[in-house]
Amino acid sequence: MRALQHRLAAFAAARDWQPYHTPKNLAAALSVEASELVEIFQWLTPEESARVMDDPDAARRVTDEVADVFAYLLQFCEVLGIDALAALSAKIDRNEQRFPLPPGKRPDRHSSE
């Protein structure tokens, strides 16, 4: 992930875009890209949305928007010095405390690989 952040930073630096990559602007861009992802699904039924990746054109659009959202999130984290993986891990820890399992329910442990 750090390599991708450095690659994004180098891409922006080569184009002199750093003055525009403020936390406010990156947060706004992230929101716009997330909205573009939502737009793909806007009028689909739940069943159609579950099959969206079956259509090559729709799959490419979804994949591109996911990449855009991820790119802006990585740039946002880079600018503010946030370790996204550590932040997510800490958030999951807090949510496990806030929303304990019902009695008798066992946690579903997935591999962290």
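The following exchange discusses a predicted model of one protein chain.

Trainee: How many helices and how many strands does the protein chain have?

Mentor: Read along the sequence, the pattern of the chain is α-α-α-α-α. Each symbol in that pattern is an α, and the count of strands is zero. The number of helices is five.

Trainee: Is the protein chain more spread out or less spread out than a compact globule?

Mentor: For 113 residues the globule rule gives 13 Å, whereas the radius of gyration of the chain is 18 Å. The C-alpha trace spans about 55 × 35 × 25 Å along its principal axes. Because 18 Å is well over the value from the rule, the chain is, relative to a compact globule, more spread out.

Trainee: What percentage of the residues of the protein chain count as buried?

Mentor: A residue is buried when its relative accessible area is under 20%. The accessible surface of the whole chain comes to about 8,900 Å², and carbon and sulfur atoms hold 59% of that surface. Of the 113 residues, the share that counts as buried is 16%.

Trainee: Does Leu-73 count as buried, partly exposed or exposed?

Mentor: Leu-73 lies in helix α4, which covers residues 56–80. Buried requires under 20% relative accessible area and exposed requires over 50%. The relative accessibility of Leu-73 is 34%, so this residue counts as partly exposed.

Trainee: Which residues form a nonpolar patch on the surface together with Leu-73?

Mentor: Patch members must have over 30% relative accessible area, and Leu-73 has 34%. The patch has about 430 Å² of accessible area in total. Besides Leu-73, its members are Met-1, Leu-4, Phe-70 and Leu-85.

Key: Residues are numbered from 1 along each chain as its sequence is written. This is a predicted model: local features need pLDDT of at least 70, side-chain atom pairs count only at pLDDT 80 or more; totals for chains, interfaces and linings use all residues. Side-chain values use heavy atoms; hydrogens and water are left out. Patches are made of residues with over 30% relative accessible area and no salt bridge: like charges are joined within 9 Å, nonpolar side chains (Val, Leu, Ile, Met, Phe, Trp, Tyr) within 5 Å. Accessible areas come from the Shrake-Rupley method with a 1.4 Å probe; for residues, only the protein chains shown count as cover. A salt bridge is a side-chain nitrogen of Lys or Arg within 4 Å of a carboxyl oxygen of Asp or Glu. Helices (H or I, at least four residues) and strands (E, at least two) are DSSP runs, numbered from the N terminus. Buried means under 20% relative accessible area, exposed over 50%, partly exposed in between (1.4 Å probe, protein chains only). The radius of gyration is taken over C-alpha atoms; the globule rule is 2.2 Å times the number of residues to the power 0.38.
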